[in-house]
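Trainee: Could you take one part of this model and go through it in detail, with the cut-offs behind each term?

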Amino acid sequence: VLGSNEWAARLPNALAFIGTGLLVFGLGRRFCPARPWLPAVIYALSLAPVLGANVVSTDALLTFFEAAAMYAFVRACLDQGEVDRRWLRIMWLAWGLAFMTKGPPGLLPLLAMIVMLGFHDRRALARLFDPIGLATFAVVGFTWFAILIAQEPDRLGYFVGYEVYDRVFTSAHDRNAEWYAPFQIFGPMFLLGSLPWWILALGAAGGPRKAWSTFRAKLGAGDRDLRLLAWWFLLPLTIFSLAQSRLQLYVLPLFVPLSLLLARPLASWSWLGGRRLVVVAAVTGIALISLKGFAGHVKSERDSRDMARAIETIIDPRSVDGIVFVNMRPFYGLNVYLDTNIEGVQINETRWDYSKFVAEEDLCSELAGPEKYVYALKESKVERFREGVLRCEGMQPELLGHFDADGNQIALFTVRQ
């Protein structure tokens, strides 16, 4: 509808950012009634959510769906004595969308909710599992995965093995599996990503020691709202820290409960009222806009624009049917800048998302197709690919050139018959 361009690629995340802000405002009416708009201001003027809205990934959408599910849970179970089944079913719909977006990690706040109710309100826990809501969750959450697995059964092993087991228990993804990585990856994300609000919240609470004692006292007194926010933030963070695959944007959805937690002491702090709050918000907003402008000039090894320019110096993308990345994750962002298809193929490997699996003995028939493809692969894989092609009768690999991407030199090949 909007064409193939950067605006079209970024629009879903921008809308998700706005939608999440509105949901945080709605949640603020429950958790911060004195200033219900303050959590939304904190969320919108924090670096991490702004960063997430400007990176083309599924994390901003996941944040929106998780926030929608928690908002529906609050409306269904906390705002009144009786459970509102309409909101309960909306909650399960949102959990289904969260699962469809990113699989099991999208359900971590649901796990936190279930554990909290299991400890503190088992009657409410029993009412949570509405049959129609569960059916809605199953249809929305599993249909897409079921279709993909039906098309290619090997994907079941990919989803369960590589995307779940390997992320949690192994370093196969090579994403900060070291024991100290949670402090190195998540620590700066929270400390820098929520400036200046966490510093102001500590000041409003009377300092770190007073804030901790107040937090413990309110939990001990049975503050239900604080209990939910604490479980919502701490349980997913613990699981992300224990898992062996860790990236900064994994914890982006946790900035929703964090914004609500920070707003609670700030809402009753007379020092941050009226003009001071306007000044803080204005300075923070200007700083974020300036930082965004500066970031646009910082070079990245994963910048699809630079890759596309380098590829266009080697081939005319319009003259081929597609660029196929061999035994590596395709750079799908190239779809925005090159007028050709971007695909992936795995030779005797089933690891990468959406890539077609080809057994080594079937490589020749794959290459013999009518499509005119250019093959991209890491320099370390060139020799194996060349040997495989030469085993195919009448086929000859031809090196077209190289470009740099994500710390690797990528070779471009065509296959002549």
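Mentor: What follows covers one helix, its two helix contacts, a pocket beside it and two backbone points.

The model is predicted, so local features need pLDDT of at least 70 and side-chain atom pairs count only at pLDDT 80 or more, while totals for chains, interfaces and linings use all residues. Residues are numbered from 1 along each chain as its sequence is written, and side-chain values use heavy atoms, with hydrogens and water left out.

The part chosen is helix H13, residues 224-242 (helices are DSSP runs of H or I with at least four residues, numbered from the N terminus). Its contact with H6, residues 108-120, has axes that come within 8 Å and cross at roughly 125° (axes are lines fitted to C-alpha atoms over the stretch in contact, and angles run from 0 to 180 degrees between N-to-C directions). H6 and H13 are therefore oblique to each other (under 35 degrees is roughly parallel, over 145 roughly antiparallel, 65 to 115 roughly perpendicular, the rest oblique). The crossing of H6 with H13 is right-handed (the near helix is turned clockwise from the far one by less than a right angle; anticlockwise would be left-handed).

From H6, the residues in contact (heavy atoms within 4.5 Å) are Leu108, Pro109, Leu111, Ala112, Val115, Met116, Phe119 and His120. They meet Arg227, Leu228, Trp231, Trp232, Leu235, Pro236, Ile239 and Phe240 of H13. By class, this H6 and H13 contact has 14 nonpolar residues, 1 polar and 1 charged (Ala, Val, Leu, Ile, Met, Phe, Trp, Tyr, Cys and Pro are nonpolar; Asp, Glu, Lys and Arg charged; the others, Gly among them, polar).

The other partner is H4, residues 59-78, whose axis comes within 13 Å of that of H13 and crosses at roughly 150°. H4 and H13 are therefore roughly antiparallel, and H4 also passes H13 in a right-handed crossing. Met70, Phe73, Val74, Cys77 and Leu78 of H4 meet Arg224, Leu228 and Trp232 of H13. The classes here are 7 nonpolar, no polar and 1 charged. Leu228 and Trp232 belong to the contact with H6 and also to the contact with H4.

H13 also takes part in the second largest pocket, as one of the elements that give two or more residues to its lining. The others are H10 (181-193), H11 (197-205), H12 (208-220) and H14 (255-267). H12 gives the largest share, 6 residues. The pocket holds about 810 Å³ of space and is lined by 22 residues, with Leu202, Ala211, Phe215, Leu261 and Leu262 nearest its centre. The lining divides into 18 nonpolar, 2 polar and 2 charged residues. Here a pocket is an open set of points on a 1 Å grid over the protein atoms alone where a 1.4 Å probe fits, with protein on both sides within 12 Å along at least five of seven lines; lining residues have an atom within 4 Å of a point. Points are joined across faces, edges and corners, and the volume is the space filled by probe spheres set on them.

Two backbone points flank H10. Most residues other than glycine have a negative phi, and most peptide bonds are trans. Asn176, in the loop between H9 (154-169) and H10, has a positive phi of about 60° although it is not a glycine. Pro196 lies in the loop between H10 and H11, and a cis peptide bond with omega of about -5° joins Leu195 to Pro196.
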